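Reader: Could you take a close look at one part for me, namely the strand pairing? I'd like to know who sits next to whom, and then how that part fits into the rest of the model.

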Amino acid sequence: MNAPNQSGWKPEMSRASDDSLNNGPATTTGKRALMLEERLLFEIGRADVTGVDLPEPSADAPNRLGGLDRAEPIGLPGLTEPETVRHYTRLSRQNYGIDLGFFPLGSCTMKHNPRLNEKVARMPGFADVHPLQPQETVRGAYEVINELAHWLIELTGMHGVAMSPKAGAHGELCGILCIRAALEARGDAREVVLVPESAHGTNPATAAFAGYRVEDIPATDEGRVDLAALKARLGPDVAAVMITNPNTCGLFERDMKAISDAVHEAGGFVYCDGANFNAIVGKVRPGDLGVDAMHINLHKTFSTPHGGGGPGSGPVVLSEALSPFGPLPFTARTADGVVHLVEEESAEEFGHSQAFGRMTAFHGQMGMFTRALTYILSHGADGLKQVAEDAVLNANYILRSMEDLLHAPYAASGPCMHEALFGDKGFGGELSTLDLAKSLIDEGYHPMTMYFPLVVHGAMLVEPTETESKAALDQFIAAFRHLAERANAGDETMKQAPYYAPRRRLDETLAARKPKLTWSEG
Amino acid sequence: MRYLPLTDADRGEMLSVIGASSIDDLFVDVPEEARLDGPIRGLPMHASEMAVEKHMRALSKKNLAAADAPFFLGAGAYRHHVPSSVDHIIQRGEFLTAYTPYQPEIAQGTLQMLFEFQTQVARLYGCAVANASLYDGSTACWEAVAMAGRVTRKNRVVLSGALHPHYAEVVRTMAKFTQDEIADAEPAIQPAPDNAGLISRIDDETSCVVVQYPDILGRITDLGPIAEAAHAKGALLVVVNTEPVALGAIKAPGEMGADIVVGEGQALGVGLQFGGPYLGLFAVRDPKHVRQMPGRLCGETVDAEGKRGFVLTLSTREQHIRREKATSNICTNSGLCALAFNVHMSLLGEKGLRALAADNHRLACLAADRLAKVPGVSVLNDNYFNEFTLMLGQDAREVVHKLAAKGVLGGVSLGRLYPGAQRLSQCLLVAVTETTSVEDIEALATALEEVLP
């Protein structure tokens, strides 16, 4: 099953001589052809310049600012439009994005962002409407929310959905607060939330925020929840278990239904972290596995762009037991076909008087809803199922093409789901996962997720997604194998990688020791 | 399907490399009974770009876009002209399709932008340090309350009655689970806010006082005395701003002693978008509080060759390192909205921001004067920036619907924001920006004259 050594690399083939590529004459500007260094806005902008044409303020205009006029300079330099476009275009070229190449960041689902979605989100009827417009002027917007809500419920086999959470972690919080509200409604104060060690950091942070004590769920040697140990720990103090399925080791939790049954029997609830829903969308419905709440990262499975760190969107699907406690506002369709926004005032009329409260000022990430709905309708039932299958196929192809060279801790136990997990066991010399990751940058790739999950030493989590072609995967595998061979051989030149990125390794210790978080002169 | 590059031949070859005979072999760990045996109920098969666009366009046409009507809504979301280059820049794939900058060597574009953004926000707010954004103003408001609790180790929160009621509701919701005690009140309907009443509610157990500036009724107040009173009791002053353009005209909260300044950044670059995604701004006046801040922070450093570069820093505050001991559970924030804000603010510069603020204020004064001439209508505020409260002498909610029927989006009724509060039901919040024309103001005045008895 092992792929042949495609790279032909041998340990004696040191790469040090490649540095000759860097040895041209120094340039007077410090730039290198298309590599254009760009100074900060505060170094190129001027206080008396603006790129927007506005009327000159008039001294005799009325002033009703209560004597609180801002007299001191604010310190905000301006640029004209051509300078602005150039400044940001140059900055953009120092960034790696999916549009540039393969971005196998595990657990983050960096798939192609379809441009139709961008076009739709910018339609004036969606982009240029105010959240507090009279309901009769925004029925189409409510219909979008309601239609997306409907498909999310159908895709997950759940009972209800809270649409307002602003990102995955906000959705987790929403789900855990629903659980807490449901427990309190039955007068049941519980103190503990169980979270596996392999979980995203947001899980324990969320549970702790909601006032729970966090305890670990033990895992088996093959990377899954230890059902027997979990059962032994369950009791009247356990409010919920938070499980990621497929889990962060890239494996499906085979015992999910049994886990849910055991938790329910003990009076607790099951929270599922839906970050990895992409692997099973259209194939498996979490509701059928006994899940009570699960957030869906629209910016992962449903392709809304990550934007360099957001915005995200984290609707939470809820079981019948939790739905009555979901937050306000939400949309509801009445028998006459009209979709309404249910707010604090109308909650009782719509039979929703137990809402735990409000997560955010308005109704959620409309700009992400329009994109996600467009994505769902584009793929349809057949396309979504194909998404999951191709994502899983691509990940297994990488797993099996690498396992002879890289330690793959769970490969022996069967196929992975949407991501392949490797560890650094077998690296020679002092080489680490970081070195391999930084070397991938030189090869033109965004590195995989590093050092997560915590349960595997030097973890490397590779998630190809379904939007990569076989040719793209083959090229990546060839480069990845080449680097794995060098790492195993202890090639010390990797310790200085990247060589060819806009920056060499950055001094993170210095940044933290003497924080400089804003620009100042001198 | 146009987004899926694998062909059936590819799939077959790949399965044979894997050693699987069919795709089902890769799903063996999914128990039989958990597998969906048919397609998703009711969901049609895949559809062309053209077909989907048509469906979505039909839905969009059911909404009245702000540009298509005289438009006066504010209350936490403001319509401003966004220069064309903003949207062009945020659609560049290198920004749009990047991830959180975990690999700084190939994310300097995002990181330098965030460093510029943090500096702009800190200066706008009169603070020392701002973070790289939160979800929106309301969640930033809650994060400020939570941070004040960590800093002061106290848990009684005094909310101004004139804090946006949805923000107050988010704080009340979260506080239910953190055992913070919330002291709040409805706004007093009077020309100036009741600062004496607010100050009288601060005691030794108070962790923070939360004040909106300009407040929900559009009033502007000197924050200095509130800051002094809070500090005298060992409490922090948290100031919430929902209209950043105002700070091109009125004093910065940090200048007046605010300890944490948070707000909604949507007005610059982001657009209305029916409530989201928006942009949470978060800043502190005193750099000693940096390590208690929530969210990402971008900092300057050097690379191995000594070149200046930027990284995410002080991450030992954050969930991916600190897990249950993190300062917040936030992970993804509003990166692309921060870019939009950053670009719009760079285009404006101080000169443009001040001119924009002046134009907003000029038009708001014009509108207030004209609307005050409508029989039965009066302006509540002594002072305001670009939003003020009209007293209508009858239920403003009904008036809003009647105005909409005439094609005028006339403002936000306080009755919608404070359901059940009878004394607020006659108040209409009216926001005026540079996008409002004199004709729009006349259209609202005329429509009000027709609608009011």
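Author: Let's settle one term before we start: two strands count as paired if DSSP finds at least two bridges between them. Also bear in mind that this is a predicted model.

With that cut-off in hand, go to the three-stranded sheet of chain A. This sheet is open, its order is β10-β12-β11, and the pairing is antiparallel. The edge positions belong to β10 (420–422) and β11 (449–450) of chain A; each of them has a single partner strand, so one side of each has no neighbour in the sheet. Now zoom in on β11(A) and strand β12 (residues 460–462) of chain A: they run antiparallel and are joined by two bridges. Since the definition asks for at least two bridges, that count of two is just enough for β11(A) and β12(A) to be called a pair. As for who faces whom, A:Thr449 has A:Leu461 in β12(A) as its bridge partner.

Chain A has another sheet worth your time. Here seven strands make an open sheet with mixed pairing, and the order to trace is β1-β7-β6-β5-β4-β2-β3 (chain A). At its edges you'll find β1 (160–162) and β3 (213–217) of chain A, each with a single partner strand, so again one side of each is left without a neighbour in the sheet. Going from one strand to the next, the twist averages 25°.

Inside that order, pick out strand β2 (residues 192–196) and strand β4 (residues 238–244) of chain A, which pair in the parallel sense over three bridges. A handy landmark there is A:Val193, which stands opposite A:Ala240 in β4(A).

Next, the helices lying on these strands. Helix α5 (residues 139–156) of chain A lies across β1, β6 (293–295) and β7 (316–318) of chain A, and its direction is at about 125° to β1(A). Helix α7 (residues 202–209) of chain A also packs on the sheet, where it touches β2, β3, β4 and β5 (269–273) of chain A. The direction of α7(A) makes about 175° with that of β2(A).

Now step back to see what chain A is up against. In the contact between the chains, 177 residues of chain A meet 170 residues of chain B. On the chain A side, the largest share comes from helix α10 (residues 366–402) of chain A, with 22 residues. By class, that side of chain A has 87 nonpolar, 52 polar and 38 charged residues.

And the partner? Chain B has 14 helices and 13 strands. Its radius of gyration is 25 Å, close to the 22 Å that the globule rule gives for 453 residues, so chain B is as compact as a globular protein of that length. The C-alpha trace of chain B spans about 80 × 55 × 50 Å along its principal axes, and 62% of the 453 residues of chain B count as buried. If you take the contacts in chain B between residues at least 6 apart in sequence, 74% of them join residues at least 24 apart.

Key
Residues are numbered from 1 along each chain as its sequence is written. Chains are lettered from A and ligands numbered from 1 in the order in which they are written. This is a predicted model: local features need pLDDT of at least 70, side-chain atom pairs count only at pLDDT 80 or more; totals for chains, interfaces and linings use all residues. Two residues are in contact if their C-beta atoms, placed from the backbone, lie within 7 Å. Helices (H or I, at least four residues) and strands (E, at least two) are DSSP runs, numbered from the N terminus. Ala, Val, Leu, Ile, Met, Phe, Trp, Tyr, Cys and Pro count as nonpolar, Asp, Glu, Lys and Arg as charged, and the others, Gly among them, as polar. Axes are lines fitted to C-alpha atoms, for helices over the stretch in contact, and angles run from 0 to 180 degrees between N-to-C directions. The radius of gyration is taken over C-alpha atoms; the globule rule is 2.2 Å times the number of residues to the power 0.38. A residue is buried if 20 or more other C-beta atoms lie within 10 Å of its own, exposed if 12 or fewer, and partly exposed in between; C-beta atoms are placed from the backbone.
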